[in-house]
Amino acid sequence: MKPVKIGILGLGTVGGGTVNVLKRNAKEIARRAGREIIVTRALARNLDRERICDTDGIALTADPFDIINDPEIEVVLELIGGETLAKDLVLQAIEKGKHVVTANKALIALHGNEIFRKASEKGVMVLFEAAVAGGIPIIKAIREGLSGNQIEWLAGIINGTGNFILTEMRDKGRDFGDVLAEAQALGYAEANPIFDVEGIDAAHKLTILASIAFGIPLQFDKIFTEGISKITREDVEYAEQLGYRIKHLGIARKTEKGIELRVHPTLIPERRLIANVDGVMNAVLVKGDAVGPTLYYGAGAGAEATASAVVADVVDVVRALTSDPENRVPHLAFQPEAIVDIPVLSDEDFRTAYYLRLTVEDKPGVLADITHILADHNISIEAMIQKEPHEGEAVLPIIMLTQLTLEKEMNAAISEIEALSTVTGKVCRIRLESLK
Ligand code: NDP
Ligand code: HSE
């Protein structure tokens, strides 16, 4: 059979890694796909830049339409990033009848509904395994491997840069800014690293995971999002003293009232496997009603780890080139007409436990006032540490872990606690999940 020709939009970390993997493993990949796969054209902005891959045999161009309009190219890989140009090019490639593989979570989370509609009209595939958790085949696992289950919840460390920063800060006491700069140099971070640090990248990924897990539309705007920028070294230490690790988690949970979708730093018991996922590694825990909890672990970012997922999608496209479009695996796991609008809960309706850190005056009765407020809001305390004041200081930190409670009650309690004259500054609150 004739080789399948592909064009790559973007030849940076992921594009370069993809060329390397496709070339190095060409024979093995062809044995799996049933046809040889060759990259004939690739797009970059700066054609003089040194590449991480060998570009022999690939026509480099700065004009995307050299790829989109090439009738011989059957599959286009979108590895540019961002949403404006990427969306435009993906829609144009689909219009030309080309299959698309992308690693772009922002694109899928924000414009996936429109892109998949258009792809279905044109009978082409749009695959995006690399968009979530780098090299871990989590999309395939949920969309295909767990399709016999009702997914109850999932929770994952789904940003490699953020996990790398938290790990280096905890293990080596390194500065936030320093570690972020290293993550950028290693090619882990987004073009705008605020996306990694403030949880936006994880929220894009959770949007996708929730959609394929629960059969709901992609709804990025409904995700509650908090990043890691406010985590202090002392919170990391106090959490450890209490037997917990702080990880940045994306959590999607189906409840009777609707679906919780949230991304935030979370205390996790240190004995859980996921609490020990360090560095750029990612892990996703998925709880299905039939299978129980399952855990997926691997590199969450980096050139070849991500390329592994991109190439797997290319192989899937090539294998399916001749199959009936009606009988392919649906883009979002559920048949398009079976996608349902289960309500996404507001953050006030989340149910979780909390770590609280307060700074209080060293006076009798202070603790009683605080516990009274918590009790008024039906919040039970699970554990508490009261530190000695530092020498010469009249204030001391109190750290509390609570049992499960409604976020609405916790918001009200925190407002009342912050209004006490004996409490100084803001209460630091980090959510806590036992992930049992
Ligand atoms: P890079 O910045 O390394 O690469 C982007 C590539 O796109 C570069 O080759 C750049 O050209 C090209 N490009 C950008 N804008 C234009 C333009 N206007 N015209 C032509 N070419 C353009 O990004 P990554 O490879 O890191 O990321 C690509 C995608 O993969 C993103 O969506 C990202 O979120 C996603 N992703 C990244 C992972 C990672 O570990 N890095 C992991 C999983 C997903 P030039 O090289 O000349 O500047
Ligand atoms: N910037 C992303 C991360 C890349 O660090 O997880 C992988 O999606």
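A cavity is here a set of grid points where a 1.4 Å probe fits but cannot get out. In this predicted model, a search of the whole structure identified two such cavities of 30 Å³ or more.

The largest cavity has a volume of about 70 Å³. Its lining consists of Leu166, Thr167, Arg170, Val236, Glu240, Tyr244, Arg245, Ile246 and Lys247. At least two of these lining residues come from each of three elements, namely helix H7 (160-172), helix H11 (233-241) and strand S9 (244-254). Strand S9 makes the greatest contribution to the lining of the largest cavity, supplying four residues. In chemical character, the lining of the largest cavity comprises four nonpolar residues, one polar residue and four charged residues.

The second largest cavity encloses about 30 Å³ of space. The residues that line this second cavity are Leu22, Ala26, Ile29, Ala30, Arg35, Glu36 and Ile37. Helix H2, spanning residues 26-33, gives the most to this lining, with three residues. By class, five of the residues lining the second largest cavity are nonpolar and two are charged, while no polar residue is present.

The two linings may be set side by side. Around the largest cavity, nonpolar and charged residues number four each, whereas around the second largest cavity there are five nonpolar and two charged residues. The leading contributor to the lining is strand S9 for the largest cavity and helix H2 for the second largest.

Terms used: Residues numbered from 1 in each chain as written. Chains lettered and ligands numbered in written order. Predicted model: local features only at pLDDT ≥ 70, side-chain atom pairs only at ≥ 80, totals over all residues. Heavy atoms only, no water. 1 Å grid on protein atoms, 1.4 Å probe; cavity = no way out; pocket = protein on both sides within 12 Å on 5 of 7 lines; lining within 4 Å. Points joined across faces, edges and corners; volume = space filled by probe spheres on them. Helix = DSSP H or I, 4+ residues; strand = E, 2+ residues; numbered from the N terminus. Nonpolar A, V, L, I, M, F, W, Y, C, P; charged D, E, K, R; others polar.
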